[in-house]
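Q: I would like to learn how to read burial, strand pairing and contacts from a set of coordinates. Could we work through some features one at a time?

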Amino acid sequence: MSQYNVDRIIETDVLVVGGGGAAARAALSSVEAGAEVRVAVKSKWLGGGSTATAFSELLAIAAAIGHGDERDHPEIHYEDTLDAGKGFIDPELVWTLASEVPDRIKDLIDIGLNFDKQENGKLVQGMSDFATYPRTCRVNGVTARHILVALSKQIKKNGVPIDEQMSVFKLVTDENKNISGALAVNHETNELILYKAPSVILACGGAQHVYKYAVGTAEMVGNGYAMAYELGVPLINMEFIQIGPGAIKPSITLLSGPVWKTKPILKNNKGEEIFSKHVPSHIDIDNVYKKKVFPFTISSDAYYFDTSIQKEMEANPAPNGGVWANLPPGSEKIVEQKIPKTSGVLKAKGIDILKDKFEVALIAQCMNGGALIESPDGTTKVPGLFIAGETAGGLRGPDRPGGNSLAEGQVFGHRTGKAAAAYAKQQIQTSDVESKAKTLLAEVFDWIKMSTGTKNLNEASKNLKDNMYKNCLIIRNEKRLNEALELINDLEKDLESGEFKLGEEDFAAAIDFKHMLITAKSIVISAQARKESRSCHFREDYPEKDDSNWIKSIYVVNENNEMKLKTKNWPGQRKEKRNEVNI
């Protein structure tokens, strides 16, 4: 690592940042469009992020192809998705998703993905939340990883280089504020890399790991959000986060809706059943179990499920901060019928779900907000910057229908890949990229050089995660959110004023921490501003939904290095001709 200078320069037409389903699709579509493409992934390829590690009994990709019910078609998928988020999401993006995902399913089949099929050869399709008809397509219970592996094979066939253990930390722009490249650090060699590229696609996932417990892998701390925010791209709908129960030891395993149909008994560390303490007498506990889905929502009696867990996690926690769960006697048949995959995964981790008690806590699973895209091609207000997948905002609001996450990755990964390739072909690389990169590096190294204080970065990171988990989980109120924001502001000041002890070896961790603070702050101040309760956002001091004042998106934007909060009203509908696809 050379101060103020890059160790290596890599030139390419399109740089894809990320290693999940959206990034892989973007890379493949971009190279197929004739661009020279490079992928930078923060972890090992196929070894990190959400897509590679995702698991759920219900994990699938939604597409209105009519195999589950011939009445389903893209217009109904569009209406279902818009109904779940009307007033918070862009109808044009929703139409693009619904109308084009059947084509992306066909693409996956064409490259060899073997979806589960019926005896008649049509795809098996299942029901999901917010769907009018069965719409989700699966691959042997591990749909996300199968999609990623299939795309990966095609990427390698096309000779796309994949740079592993590469943290992209700063986007570089030219004198006209157009993208001209990105700076990265290689974790294994400690090299500083300058990617010279007129098109950059951010498809680097979400920020679940600003919380103590989260799915995915630990590197998901909001780098994409922070880098986009630093260039003035708004972060929208950040208060809406999908959070729900999961087993936390020996490693995190998400526990989706079917698990709770077995009616596990939940107890605090004193051995008290938690529902009897927190569910009002007029509420049928059987209905709480029946209505429980992932994620948390205030929209049904299942509200009491997650809130009871959080209350007992705070009052009488088990050793790792959760609550205890065990299945009632005689659960063998329902486990076999409803949750065979979850049972198998837990057994592989040393938990016999039929015999053992295990610790359950609330887990951050998916960010519904993100960096705002301006069109279905994933364009942003910064020319040359494209965003797709969970990093992108504008398509998910308070709720996200089941199966749409994988669908978004394929539809918008494809579109951003093509658009980034086309944009790159029209650009002439500017000459000031290296000098601009040197200036940016000088700023970072000067900051690290002046950080000679006594505070420990690892401790601060842990404090931030604990703080977000305590104060901005599912039970939110003004007191909690003020406490969260106070710590974030204090940590920001300490980081800026050199109160931490940092050396060159802390380079990547320090930047990650800075990005975590930006992302966490956007979540907290958005949650503070939304003075109502809606879906996965619960304010116990404002427990009612307020349609008269709050059917609109909250977003934050960087103005003169200050986070400013604003709101956006979306159009109500966008109707298009139905897209017929035969698979």
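A: Let us begin with a definition: two residues are in contact when heavy atoms of theirs lie within 4.5 Å, and a residue is called buried when its relative accessible area is under 20% and exposed when it is over 50%. Please keep in mind that this is a predicted model.

Q: Which residues of helix α11 are buried, and what covers them?
A: In α11, which spans residues 340-348, the buried residues are Thr 342, Ser 343 and Leu 346. Viewed down the axis of α11, these buried residues fall within an arc of 100 degrees, so they line one face of the helix. Among what covers them are β13, β14 (253-254), α6 (257-260) and α10 (332-338), whereas Lys 347 and Ala 348, on the other side of α11, are exposed. Just after the helix comes Gly 350, with a positive phi of about 95 degrees.

Q: How should I read strand β17, and which strands are joined to it by bridges?
A: For a strand, one can look at burial and then at pairing, where two strands count as paired if there are at least two bridges between them. In β17 (residues 358-367), ten of the ten residues are buried, so the strand is largely enclosed by the rest of the structure. Strand β13 (residues 241-247) runs antiparallel to β17 and is joined to it by seven bridges, with Gly 244 having Ile 363 of β17 as its bridge partner. Strand β16 (residues 323-326) is also antiparallel to β17, with three bridges between them, and here Trp 324 has Glu 359 as its partner in β17.

Q: Are the strands that pair with β11 parallel or antiparallel to it?
A: Strand β2 (residues 14-17) pairs with β11 in the parallel sense over four bridges, and β19 (residues 385-387) runs parallel to β11 as well, joined by three bridges. Ile 201 of β11 stands opposite Val 16 and has Phe 386 as its bridge partner in β19. Both faces of β11 (residues 199-202) are covered, since Ser 199 and Ile 201 on one side, and Val 200 and Leu 202 on the other, are all buried.

Q: Where is Ser 128 found, and is this residue buried or exposed?
A: Ser 128 is located in the loop between β5 (125-126) and β6 (136-137), and its relative accessible area of 16% means that it is buried. Its side chain reaches the backbone oxygen of Gly 402 at 3.1 Å. Apart from neighbours within four places in sequence, Ser 128 is in contact with Thr 136 and Gly 402.

How values were computed
Residues numbered from 1 in each chain as written. Predicted model: local features only at pLDDT ≥ 70, side-chain atom pairs only at ≥ 80, totals over all residues. Heavy atoms only, no water. Helix = DSSP H or I, 4+ residues; strand = E, 2+ residues; numbered from the N terminus. Buried < 20%, exposed > 50% of the residue type's maximum accessible area, 1.4 Å probe, protein only. Polar contact = N/O pair within 3.5 Å; in protein donor to acceptor, adjacent residues only side chain to side chain. Arc of directions from axis to C-beta.
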